[in-house]
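Welcome! Here are a few notes to help you find your way around this one, so have the view open as you read.

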Amino acid sequence: MVLFEIKNLSFSYPEAEKKALDCISLTVKEGELIVLCGPSGCGKTTLLRSLKPPAAPHGSRDGEILYRGIPLNEVPDRRLAEEIGFVFQNPDNQIVTDKVWHELSFTLESLGLDSAAIRRRTAEMSGFFGISGWFEHDTADLSGGQKQLLNLAAAAAASPKVLLLDEPTAQLDPVAAADFFSALLRISRELGTTVILSEQRLEEILPYADRAAVMENGRIIADGTPQAVGKHLKESANGMYGAMPSAMKIYYGLDSVGECPVSVRDGRRFLGEYLKDLSNRPSVERKKTEEKAPAIETRDLWFRYEKDSPDILKSLNLTVPSGSFFAVTGANGSGKSTLLSLLSGLLKPCRGNIRLEGKKISKYSQSELYSGIVSLLPQSPQALFTKSTLKEELEEAAKARGVSEARLDEIRRLTDIKELSDRHPYDLSGGEQQRAALAELLLSEPRILLLDEPTKGIDAVYKSKLAGIIKRLCRNGTTVLTVSHDIEFCAEYADFCAMLFDGKIIASAPARDFFAGNTFYTTAANRISRDYFSNAVTNDEVVELCRKQKEN
């Protein structure tokens with residue numbers, strides 16, 4: 001049965017010159033799991049929100065959306081609330097109550113269910129999603145992964161016919177993201193719920209999708225099975241091919257024939273067959289890293305938010321070489337963002353020392369610190385925006401810092417935001433906001449740039465551009481420290497990587513050595529190839545070693 005039928009849907013935001021959606025036509029059948037993917041700003045969020053009238057954006061709309069054969073705007077509000085669930089990108093934006101069990105029951109109470117039915121449903125959801133152990137906890141005390149799992153459980157409590165999810169794992173670490181996708185797949189398979197989600201993190205979810213739909217400039221440019229879509233993107237040299245799963249990229253990198261693998265499991269089988277005569281375990285040669293003076297040093301760093309609260313950081317020691325791209329990974333709630341706030345001077349340590357470029361951070365005046373020494377890109381870039389258009393935002397920042405118009409234009413081009421100048425910063429997609437915030441920070445030309453989840457909501461095309469920006473900054477002497485859950489990005493581009501656990505840095509090494517030694521905090525390429533190559537981390541390394549083996 002057809003659930004949604006979208007016919008020639010177009011949408012424009014107020015005063016925007018370009019359509020956010022341009023003649024979209026899409027049919028969604030009951031029980032399907034459909035993944036929407038595409039560059040940030042391509043219209044994924046706008047399309048999803050258009051399928052849930054209370055969340056629909058304000059603007060000019062043409063075309064038609066039918067829900068079970070009825071125009072969507074004619075479906076009764078109660079039916080919409082019961083049958084169409086929505087999970088947003090930021091876990092904090094959806095939680096409205098103080099306790100986990102309150103959150104689970106909130107929607108059910110709104111729908112007018114009696115107390116007995118609410119108790120039964122909340123108990124059922126708690127058991128189904130494995131949250132019984134924190135059923136009575138305060139929502140404010142949950143990790144990011146727990147909050148998003150709670151949002152999913154709360155949306156599922158109403159037994160919806162369809163779940164819409166807007167990049168739900170963007171702020172989750174790899175393990176939490178895997179747990180979230182596992183719960184989502186159970187809903188899809190065991191309950192038959194239709195699932196439509198937009199996602200940049202395709203490695204985990206695409207192998208289980210019935211269909212993938214790729215959007216670009218407000219249009220759907222590909223729609224079909226993951227294999228068919230991947231082949232189309234490869235043959236058309238579309239930049240979104242870079243977001244496809246590693247198994248697929250290794251397959252095409254080796255010019256293979258036969259069925260294309262999509263999952264890590266199928267990728268391992270494919271590689272095993274491809275290398276069935278392999279008798280040794282070659283490795284990738286590693287270049288020696290150059291010794292450089294530290295730009296950031298922490299010694300015996302301790303921090304807690306309140307006098308009687310638990311320690312977030314515990315005797316943390318970290319050294320970041322000058323001019324390097326250094327990445328810190330770790331689970332949600334491990335203290336990564338807290339560390340950045342300390343390094344930027346926004347927080348003061350309870351004990352220990354921080355040195356920036358050899359000087360104690362306490363010896364810098366505030367004006368000196370933020371006028372070319374250090375800048376921080378926060379996880380929520382909206383906190384930086386105060387003007388009604390991006391043009392006004394950047395021009396005022398440029399004027400305050402004495403930056404020329406030519407330099408401002410250069411930064412606009414560098415961050416790929418030139419076409420967004422007349423948009424309100426809050427109307428931008430998550431990825432576009434990240435780029436706009438980075439542009440504003442680059443105006444101060446900091447020697448130390450701190451980035452909190454810079455690839456959150458960023459598409460594969462711009463990730464490559466962002467890496468180019470970072471590498472260019474590093475070559476010019478800027479030190480870049482990022483905290484990130486994006487394992488693939490860190491492995492591909494970072495010079496060094498460290499893991500934060502239990503308030504301490506428990507491991508630090510050159511990036512590829514670091515990821516080659518991990519089991520879960522590693523790349524899909526490493527998981528696919530580890531039985532054959534001892535330290536391959538990226539897709540290109542696996543392809544190169546395979547070719548060498550065939551040549552030998």
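1. A word on terms before we start: two strands count as paired if DSSP finds at least two bridges between them. Please also keep in mind that this is a predicted model.

2. Let's begin with the sheet. Six strands make up an open sheet with mixed pairing, and their order is S6-S7-S8-S3-S9-S10. Strand S6 (84–87) and strand S10 (219–224) each have a single partner strand, so they stand at the edges with one side lacking a neighbour in the sheet. From one strand to the next, the twist averages 15°.

3. Now look at the S6 edge. Here S6 runs parallel to strand S7 (residues 162–166), and four bridges join the pair. Within this pair, Ile-84 sits opposite Val-162 of S7. Helix H5 (residues 144–157) packs on the sheet, where it touches both S6 and S7; the direction of H5 makes about 175° with that of S6.

4. At the S10 edge, you will find helix H8 (residues 226–235) packed on the sheet, in touch with strand S9 (211–216) and S10. The directions of H8 and S10 make an angle of about 130°.

5. Which residues touch the most other members of the largest nonpolar core? Among its 73 residues, they are Phe-129, Ile-131, Leu-152, Leu-165 and Leu-197. Helix H6 (residues 174–191) supplies the largest share of this core, eight residues.

6. Phe-129 is a good place to zoom in. Leaving aside residues up to four places away in sequence, Phe-129 touches Leu-149, Leu-152, Ala-153, Ala-156, Ala-183 and Ile-187.

7. Finally, do visit the second, separate core of 44 residues, which includes Leu-390, Tyr-462, Ala-511 and Phe-515.

Terms used:
Residues are numbered from 1 along each chain as its sequence is written. This is a predicted model: local features need pLDDT of at least 70, side-chain atom pairs count only at pLDDT 80 or more; totals for chains, interfaces and linings use all residues. Side-chain values use heavy atoms; hydrogens and water are left out. Helices (H or I, at least four residues) and strands (E, at least two) are DSSP runs, numbered from the N terminus. Axes are lines fitted to C-alpha atoms, for helices over the stretch in contact, and angles run from 0 to 180 degrees between N-to-C directions. Contact means heavy atoms within 4.5 Å. A nonpolar core is a set of buried Ala, Val, Leu, Ile, Met, Phe, Trp, Tyr and Cys residues joined through side-chain atoms within 4.5 Å. Buried means under 20% relative accessible area, exposed over 50%, partly exposed in between (1.4 Å probe, protein chains only).
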